[in-house]
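Below is a briefing on one protein model. It is arranged by topic and meant to be read beside the sequence and the coordinates.

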Amino acid sequence: MQTTRIHVQVNPASSLAEAFTEPRLRAALPAAEAALSFGTTPDALEAGLAEAEVLLLAGNAPLHDLPRRAPRLRWIGYTSAGVEWLLKAGLPPQVALTNASGTHIPKAAEYALLAVLMLNNQIPFFATAARQGRWAPKPAGTVAGKTVLILGMGALGGAAAGALARQGMRVIGNSHSGRPHPDVALMTQGDGFRAHLPETDVLVIALPLTPATEGLVGAAELDLLPRHAGVVNIGRGEILDAEALADRLDDGRLAGAVLDALPVEPLPPGHRLWTTPNLFITPHCGLYDPAEYAPRCLEAFRANLLRFRAGEPLHQLVDPGRGY
């Protein structure tokens, strides 16, 4: 069997650039399986696309006019989970797209648990009080028996459900399909989640960004939550109306929030969210494990490469119609 021509393009500005180095990639992809080119510059991308059957991409790159620039290209492997910008690039129909769905699972479980425990134990409230120099005791019980509603039951949501159910929480799930999940007490589908917002103690957003999910959680949805409720976003910032959230944190209509996904990234200095009370921000790194992420990505890519070479269906395949 002939070797497969693969071009690896790493955007130097990407947070993944230090993890996806040329020596690591060459060690992970044996020469018998892959004729590998590697680049970090626009010129290297052009040269690589001219011959590549497969493009492995870390970070963003200009991918317009691929039929002309990459006539042999059949598969793009992306080393992140969110692919909305790639789908907007207008990929040719013959080019398969895979992502890093599932790679975040261990860290997503830990982060979701951390965020929910922070909200339950009033940590965003205490952080706000500390900034203001206030001594403000506010004791809390355990999370056992409380209700968490998880929007999105893919890899991230499923990981969150498992971690939170093990703490004794009642988990309500929501997904496009409504398929049952072993850690979910009640599964809802589509808009059905809204009926359960009034009984929710913590809302966890773990959705990909698609036309259907953009702006899904807005003022109307937040107003259905009880005043003691908290919000966690580990999906995409554009799914949650951050201004509406800030309004409700400012006036006490909601108790707190932990956001790892923001409406603008990086969140600029002076943005309202930096000073919103009872809000804890992590700069979109909560699900990233710097020691394990790249090895897991490359292991999955290598397994997919073997399927690609054998003419078998790829795993982690993105459905352009759904957007994930």
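The points below cover the internal cavity, a residue at its lining, the aromatic pairs, a pocket, and some buried positions.

The model is predicted, and local features are reported where pLDDT is at least 70. It holds 1 cavity of 30 Å³ or more, with a volume of about 100 Å³. By the ring-pair rule there are 5 aromatic pairs. Helix H7 (residues 155-165) is largely enclosed by the rest of the structure, because 9 of its 11 residues are buried.

**The largest cavity**

- The volume of the largest cavity is about 100 Å³.
- The lining is made of 13 residues, and those closest to the cavity centre are Tyr-78, Asn-99, Cys-297, Phe-301 and Gln-316.
- Strand S4 (75-78) and helix H10 (293-310) each give at least two residues to this lining.
- H10 is the element that gives the most, with 4 residues.
- Two of the residues named at the centre, Tyr-78 and Gln-316, are also contacts of Asn-99.

**Asn-99**

- Asn-99 sits in the loop that runs between strand S5 (96-98) and helix H5 (105-120).
- Its relative accessibility is 9%, under the 20% limit, so Asn-99 counts as buried.
- The side chain of Asn-99 comes to 3.1 Å from the backbone nitrogen of Ser-101.
- Leaving out residues up to four places away in sequence, Asn-99 touches Tyr-78, Ser-80, Ala-81, Val-83, Gln-316 and Val-318.

**Aromatic residues**

- The count of aromatic pairs in the model is 5.
- One of them joins Tyr-78 and Trp-85: the ring centres are 5.7 Å apart and the planes are at 75°, so the pair is edge-to-face.
- Tyr-78 counts as buried because its relative accessibility is 7%.
- Phe-125 and Phe-126 also form an edge-to-face pair, with 5.6 Å from centre to centre and 65° between the planes.
- The two partners of that pair fall in separate classes of exposure: Phe-125 is buried, at 15% relative accessibility, whereas Phe-126 is partly exposed, at 31%.
- Lys-138 lies over the face of Phe-125, at 4.4 Å from the ring centre.
- Trp-75, Phe-301 and Phe-308 make up one aromatic cluster; Phe-301 is also among the residues closest to the centre of the largest cavity.

**The second largest pocket**

- The second largest pocket contains about 230 Å³ of space.
- It is lined by 18 residues, of which Leu-119, Asn-120, Gln-122, Asp-201 and His-228 are the closest to its centre.
- H5 and helix H6 (123-131) are the elements that give two or more residues to the lining of this pocket.
- H5 gives the most to that lining, with 3 residues.

**Helix H7**

- The buried residues of H7 are Leu-156, Gly-157, Gly-158, Ala-159, Ala-160, Ala-161, Gly-162, Ala-163 and Leu-164.
- The elements that cover these buried residues include H5, strand S6 (147-151) and strand S7 (170-175).
- H5 thus appears in two topics here: it is part of the cover of H7, and it also lines the second largest pocket.

**Ala-294 and Ala-34**

- Ala-294 belongs to helix H10.
- Ala-294 counts as buried because its relative accessibility is 0%.
- Apart from residues up to four places away in sequence, Ala-294 touches Ala-19, Phe-20 and Arg-24.
- Ala-294 and Gly-323 are 29 residues apart in sequence, with a C-alpha to C-alpha distance of 23 Å.
- Ala-34 is placed in strand S2 (residues 34-39).
- At 5% relative accessibility, Ala-34 also counts as buried.
- Ala-34 and Leu-305 are 271 residues apart in sequence, yet their C-alpha atoms are 8.9 Å apart in space.
- Leu-305 is among the residues that Ala-34 touches, along with Thr-3, Thr-4, Ile-6 and Leu-29, when residues up to four places away in sequence are not counted.

Definitions and conventions. Residues numbered from 1 in each chain as written. Predicted model: local features only at pLDDT ≥ 70, side-chain atom pairs only at ≥ 80, totals over all residues. Heavy atoms only, no water. Buried < 20%, exposed > 50% of the residue type's maximum accessible area, 1.4 Å probe, protein only. Polar contact = N/O pair within 3.5 Å; in protein donor to acceptor, adjacent residues only side chain to side chain. Contact = heavy atoms within 4.5 Å. Phe/Tyr/Trp six-rings, centres within 6.5 Å; stacked < 30°, edge-to-face > 60°. Lys NZ or Arg CZ within 6 Å of the ring centre and 35° of its normal. 1 Å grid on protein atoms, 1.4 Å probe; cavity = no way out; pocket = protein on both sides within 12 Å on 5 of 7 lines; lining within 4 Å. Points joined across faces, edges and corners; volume = space filled by probe spheres on them.
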